[in-house]
Amino acid sequence: MIGKSILQYDIMEELGRGGMGVVYRAHDTKLDRTVALKFLPSHVNPTEHDISRFTQEAKAAAALNHPNVCTIYDIKESDRLHFIVMEFVEGRTVRKMVAGGPLALDDVLQYGLQVADALQEAHSRGIVHRDIKADNIMVNTKNQVKVMDFGLAKLKGSLKLTRSSSTVGTLAYMAPEQIQGGEVDARSDIFSLGIVLYEMLTAHTPFRGEHEAAMMYSILNEEAEPLQKYLPDAPSELLHVINRALEKNPDDRYQQVNEMAIDLRRMKKDSSKVSRRSIPAMPAAADPGDVSATGAVPAGNSAVSPSPSGGTPRKTTTVTLNIPAVGRGTVLKWVVPAVVVIAGVIGYFTMFTGGEADTGQRIPVAVADFQNQTKEDDLNGLSGMLITSLEQSRRLSVMTRSRMFDVLKQLGKGGVSRIDEPLGREIC
């Protein structure tokens, strides 16, 4: 193929090949630009229905306009060869990057966020990738992620492709429901993204198998290899993100990829403030819910909990804020100052009482549910104000709401829908 011309495309070099065909770099003589051509495997003889389905999927993918999605320009056919014309991305795949060893945590968070943003855009348009893996994620020369092959995975499922050496490699990223032939949705992409994050952090995939049957068994029945095996000082919030993404039951995973992105973005923000070693190995960091505010401070009605460094036990205190059943104006007059006071009290102890503040360790704070006794629904968002304020502190680590419910599950209280003050204390 190299050196040949197909339609207006001069084929220049082969970029890669796999179970879905061969990719070439080519020059578009009409528009005078470099493109990538992806040819379907020569052994595939698609029916009219297959081609129609493929075209429909490719059109949907071509409609995606996102900086982290590889753009599809066109679908072509020449001499019974079907191929896709797409953006040429100059860079390296994640597969090639991790071949040199694990990536830095900051890079993993940056790349993971970009993939999550791309998936969020696709999912919002009803498009599920179905084949997120290290080979389908490229990082260009500007350190920008490009997710490849949107719209192709459904074709892979509809056409009868022969086995290839890449089969086990692709299988390693499949969600349990994909392997079992069940319904595939956005949560399947989330599982695959969890595997890619794990691989970027460790240079290994979490499930192992030398052949297809062994790999399938591992994904369906075995727990992922603990991340701590490769990263002993991994932040607890990172462990939570990976473990939740890799839940075997889709109902136990993140339900939307933007939920995962929120946790990743918070971790990225935290990592820019403190080094990985300064983050305590215990539950951390937050999203809006509704409050008793529970924080670790060295005073008040306190309980003793282990220090993350294994040294002197720390104390936790619970501050409770109840909204009375009065008018909205009155509530706002005193609730907002109260929120500021709570944040100020915690901040005072954090900055001026020595001990943990001097070590660089973050003090864990859990935010439970407001007891809103008014009829003003707008006031349910007050906890978000408090959380946002607390997250600005470099000394506090606000626990995510999803992590709080995970802790409750471990305590045998998985059916809880509202976290009141006693539960807040118990979580702490």
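## A loop residue between two helices

Helices here are DSSP runs of H or I with at least four residues, numbered from the N terminus. On that footing, Val-416 sits in the loop that links helix 14 (401-410) to helix 15 (421-427). Keep in mind that this is a predicted model.

How exposed is Val-416? Its relative accessible area comes out at 23%, so Val-416 counts as partly exposed. Setting aside residues up to four places away in sequence, Val-416 touches Phe-405, Leu-408 and Leu-423. Take Phe-405: the two residues are eleven apart in sequence, and their C-alpha atoms lie 8.0 Å apart.

## Another loop, out in the open

Leu-31 also has a loop for a home, this one between strand 3 (21-28) and strand 4 (33-39). With a relative accessible area of 53%, Leu-31 is exposed. From its C-alpha to that of Gln-8, a residue 23 places away along the chain, the separation is 9.1 Å.

## Inside the helices

Now for Glu-199, part of helix 7 (residues 186-202). Is this glutamate buried or exposed? Glu-199 is buried, since its relative accessible area is just 4%. Ignoring neighbours within four places in sequence, the contacts of Glu-199 are Arg-95, Val-98, Ala-134, Tyr-173, His-204 and Thr-205.

Helix 9 (residues 236-245) is mostly covered too, with nine of its ten residues buried. Among the buried ones are Glu-237, His-240 and Arg-244, along with Leu-238, Leu-239, Val-241 and Ile-242. Ser-236 and Ala-245 are buried as well.

Key
Residues numbered from 1 in each chain as written. Predicted model: local features only at pLDDT ≥ 70, side-chain atom pairs only at ≥ 80, totals over all residues. Heavy atoms only, no water. Buried < 20%, exposed > 50% of the residue type's maximum accessible area, 1.4 Å probe, protein only. Contact = heavy atoms within 4.5 Å.
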